[in-house]
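Here are a few short exercises to work through with the structure open beside you. Try each one before reading its solution.

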Amino acid sequence: MKNIVVLASGRGSNLQAIINAIKEKKINAKISLVLSDKKEANALKIASENNIKSKFIDPSFFASREGYDIYIAELIKKENPDLVVLAGYMRILTDKFIDSFEGKLINIHPSLIPAFQGLKAQKKAVEYGAKFSGCTVHFVTKELDNGPIIIQAVVPVLPEDTEKELSERILFYEHKIYPQAIKWILEDRVIIEGRKVVIKNAKYGTLPVNPALEDF
Ligand code: GAR
């Protein structure tokens with residue numbers, strides 16, 4: 001069975017969506033480890049409630065970002081994962097870490113990248129006056145929130161939207177596109193050609209999600 005390692009820093013709603021997809025047998029895989037850089041991360045609680053091994057690794061024990069990433073990379077390699085999933089992991093990863101999981105490391109970002117990269121993407125979209133925003137699942141490369149795009153969902157931004165309201169509208173789709181992308185990758189349907197990702201036999205040209213959701 002394919003194996004996933006998840007890195008998360010916070011609430012863990014994307015982790016929960018992935019767990020649900022596995023429970024519902026939509027994704028044929030297991031999560032063998034959830035790692036967090038935040039002791040209080042609700043994601044750790046979700047992992048333990050679901051009998052998934054989880055660890056908080058305290059960044060303050062490490063002299064450098066590199067040292068931290070080398071340590072967690074070793075922990076992750078021991079799990080021999082098919083996929084490493086960043087689910088609200090809020091630390092910037094070092095180049096060496098990214099190299100060691102190239103093609104197996106994915107992230108979800110709450111904007112239509114390349115718009116509004118970095119922190120507080122939803123707030124940036126509201127303040128910018130964007131009329132659409134959304135979410136993106138992408139492979140992780142050394143450029144922050146900018147790797148090859150697997151799937152995106154678009155949502156409208158309304159004049160009276162607060163950051164919270166837009167975040168909720170986007171999150172609804174995060175919980176669909178992340179499990180879908182993971183399923184496609186683990187079924188070997190994902191081809192990366194430079195910056196371009198193509199999903200074999202997927203339906204392209206659809207709104208609000210492109211390529212079209214199949215299982216979520
Ligand atoms: C999600 O909205 C995710 O897209 C975002 O953090 C939130 C985590 O929520 N990630 C980033 O901004 C990464 N740059 P969750 O902990 O409930 O999954």
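**Helix crossings and a ligand**

H1 and H2 cross in a right-handed manner. Keep in mind that this model is predicted.

**Exercise 1.** Work out whether H1 is roughly parallel or oblique to H2.

*Solution.* Start with the axes: those of H1 and helix H2 (residues 42–49) come within 9 Å and cross at roughly 20°. Angles under 35 degrees count as roughly parallel, so H1 is roughly parallel to H2. Next, look at who touches whom: Leu15, Gln16 and Ile19 of H1 meet Ala43, Ile46 and Ala47 of H2. Sorted by class, that contact has five nonpolar residues, one polar and no charged ones.

**Exercise 2.** Now do the job for H1 and H6: how are they oriented to each other?

*Solution.* Helix H1 (residues 13–23) packs against helix H6 (residues 163–186) at about 50°, with the axes 9 Å apart. H1 and H6 are therefore oblique to each other. H1 passes H6 in a right-handed crossing. On the H1 side, the contact uses Ser13, Asn14, Ala17, Ile18 and Ala21; on the H6 side, the residues include Leu171, Glu174 and Tyr178. By class, you get seven nonpolar, three polar and one charged.

**Exercise 3.** Find which residues surround the ligand, and pick out some close atom pairs.

*Solution.* Among the surrounding residues are Gly12, Ser13, Asn14, His109 and Glu174. Now go pair by pair:

- Gly12 puts a backbone N or O atom 2.8 Å from a ligand oxygen.
- Ser13 has a polar side-chain atom 2.6 Å from a ligand oxygen.
- His109 has a polar side-chain atom 3.2 Å from a ligand nitrogen.

Terms used: Residues are numbered from 1 along each chain as its sequence is written. This is a predicted model: local features need pLDDT of at least 70, side-chain atom pairs count only at pLDDT 80 or more; totals for chains, interfaces and linings use all residues. Side-chain values use heavy atoms; hydrogens and water are left out. Axes are lines fitted to C-alpha atoms, for helices over the stretch in contact, and angles run from 0 to 180 degrees between N-to-C directions. Helices (H or I, at least four residues) and strands (E, at least two) are DSSP runs, numbered from the N terminus. Angles under 35 degrees count as roughly parallel, over 145 as roughly antiparallel, 65 to 115 as roughly perpendicular and the rest as oblique. A crossing is left-handed if the near helix is turned anticlockwise from the far one by less than a right angle, and right-handed if clockwise. Contact means heavy atoms within 4.5 Å. Ala, Val, Leu, Ile, Met, Phe, Trp, Tyr, Cys and Pro count as nonpolar, Asp, Glu, Lys and Arg as charged, and the others, Gly among them, as polar. A residue is near a molecule or strand if one of its heavy atoms lies within 4 Å of it. A polar contact is a pair of N or O atoms within 3.5 Å; within protein, one must be able to donate a hydrogen and the other to accept it, and residues adjacent in sequence count only if both atoms are side-chain atoms.
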